[in-house]
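The exercises below are meant to be worked through with the sequence and the model side by side. Try each task on your own before you read the solution that follows.

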Amino acid sequence: MRARVRACCAAFVCCALGVPALAHAEKSKIDPTVGYNYEEIETPRIAAMAGATRALSNSLEALFLNPANMAASRVYHIGGMAQIWPEAQRQSYGAGAMDSFGSKYQLAGGIGGTYNTQDSDGIARRWTDLRFALAYPLSQDFFVGVGGRYLLLSQNGLGAFGVSPASGGLSGERIVRAISFDAAATFQPMEGLSLSIVGSNLSDPGNGFQPMSVAGGVGYGKDIFGVEADVVGDFDSWSHDTARAMAGGEVLLGDHFPLRAGYRYDQGPNSHALSGGVGYIDRLFSADVALRRTVTGDHVTTIVLGFTYHLESAGLDQTTGDGGF
């Protein structure tokens, strides 16, 4: 019954946005590596800018993509997000919270995670991805951060895309139960310019479910606009080292309406993708939606929706420096 309700909700979202509904009658024809998306947790802003937000990330984007940037702004945010991948038959639901507002030591912290299902009629992959991170400003223009990941993943299907049934996993057992860590740094040499480097899964788990990667980003943002370009080197997701390159931009219209767009090239499946998104930002909350679509190779659609509540603006955090992290 729950699976039927989830399928109906996903179909409603897809129809509303004009993309194909999830087809649960047969397994996905998309390579599961593409639908898994490199263990990345994407908010609507991340997806809309095609992932090019490592240098200019803040709020929950920083928690999930570049922990160093949690210390670059003074906020206390909580939020939730949902992802629908019609062709890959993936659904993800998550939440997170980050606070750089209430610490007398200027220490920022965050915690979040997602529950995910992928291709229930094929590879039948399910996983829970938990994240926690800390960040500290070493100076007014240099920030460092570390993060931890805890991944619980099972795969009980009939076999992966183009692989024997033996690859389907272990019935009723977790094939991954592991902790890994990230590290990041951001340098702001001048007003508006940010340079970031992020290492993910640096404990080198040695599997494609927790791919070790190193990424760099350069962004410029000021007043009502921002632009950024990122490059990611991935050492485990495919049979050989691969790279992803992405660029994105955003502009704020009428003080409330962000418009975003991006482009991503992924060397693994040799695909090009375009993305875009819109939102509404107020003093107390923000709501966003993003859509990404590959335009070469297998056509894969990603829809991401999110809502964030700004506790520091609501006056719910009354910390004055006597507590916090």
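A pocket is an open set of grid points with protein on both sides within 12 Å along at least five of seven lines, and its lining residues are those that have an atom within 4 Å of a point. Please keep in mind throughout that this is a predicted model.

**Exercise 1. Describe the second largest pocket by its volume, its lining and the elements that contribute to the lining.**

Solution. Begin with the space itself, which for the second largest pocket comes to about 230 Å³. Next, turn to the lining, which is made of 19 residues, and look towards the centre of the pocket, where V34, P269, S271, D298 and V300 are the nearest of them. Then ask which elements give two or more residues to this lining, and you will find β11 and β13. The most is given by β13, which provides three residues. Finally, sort the lining by residue type, which yields seven nonpolar, six polar and six charged residues.

**Exercise 2. Describe the largest pocket in the same manner, giving its volume and its lining.**

Solution. The largest pocket holds about 1000 Å³ of space. Its lining has 44 residues, and those that lie nearest the centre are R45, L56, N58, E250 and I281. Sorted by type, the lining of the largest pocket consists of 16 nonpolar, 18 polar and 10 charged residues.

**Exercise 3. Find how many cavities of 30 Å³ or more there are, and describe the largest cavity.**

Solution. A cavity, unlike a pocket, is a set of points where a 1.4 Å probe fits but cannot get out. Counting those of 30 Å³ or more gives four cavities, and the largest cavity has a volume of about 180 Å³. The largest cavity is lined by 18 residues, of which E40, R54, R149, S200 and S213 are the closest to its centre. As a further step, look for elements that give two or more residues to this lining, namely α4 (59-65), β7 (193-200) and β8 (213-222). By type, the lining of the largest cavity has eight nonpolar, three polar and seven charged residues.

**Exercise 4. For the salt bridges R292 with E42, E87 with R293, and R260 with D288, state where the partners lie and whether they are buried or exposed.**

Solution. Side chains of opposite charge can pair when their charged atoms come close. The structure holds 13 salt bridges, and three of them are taken here in turn.

- In the salt bridge between R292 and E42, the N to O distance is 2.9 Å. R292 sits in strand β13 (residues 285-294), whereas E42 sits in the loop between α2 (32-36) and α3 (44-48), so that the pair joins distant parts of the chain, 250 residues apart. Both R292 and E42 are buried.
- In the salt bridge between E87 and R293, the closest N and O atoms are 2.9 Å apart. E87 belongs to the loop between β1 (76-85) and β2 (90-99) and R293 to strand β13, with their positions 206 residues apart in the chain. E87 is buried because its relative accessible area is 18%, which is under the 20% cut-off, whereas R293, at 31%, counts as partly exposed.
- In the salt bridge between R260 and D288, the N to O distance is 3.0 Å. R260 lies in strand β11 and D288 in strand β13, 28 residues apart. R260 is buried, with a relative accessible area of 10%, and D288 is buried as well, at 15%.

A last step is to look for salt bridges that share partners, and such bridges join E40, R54, D230, D234 and R244 into one network.

**Exercise 5. Examine N201 and D223, stating phi, the place in the chain and whether each residue is buried or exposed.**

Solution. Start with N201, whose phi is near 50 degrees, a positive value in a residue other than glycine. N201 is found in the loop between β7 and β8, and it counts as buried because its relative accessibility is 0%. Then consider D223, which is also not glycine and has a positive phi, near 55 degrees. D223 is placed in the loop between β8 and β9, and it counts as exposed because its relative accessibility is 76%, where over 50% is required.

Key
Residues numbered from 1 in each chain as written. Predicted model: local features only at pLDDT ≥ 70, side-chain atom pairs only at ≥ 80, totals over all residues. Heavy atoms only, no water. Salt bridge = Lys/Arg side-chain N within 4 Å of Asp/Glu carboxyl O. Helix = DSSP H or I, 4+ residues; strand = E, 2+ residues; numbered from the N terminus. Buried < 20%, exposed > 50% of the residue type's maximum accessible area, 1.4 Å probe, protein only. 1 Å grid on protein atoms, 1.4 Å probe; cavity = no way out; pocket = protein on both sides within 12 Å on 5 of 7 lines; lining within 4 Å. Points joined across faces, edges and corners; volume = space filled by probe spheres on them. Nonpolar A, V, L, I, M, F, W, Y, C, P; charged D, E, K, R; others polar.
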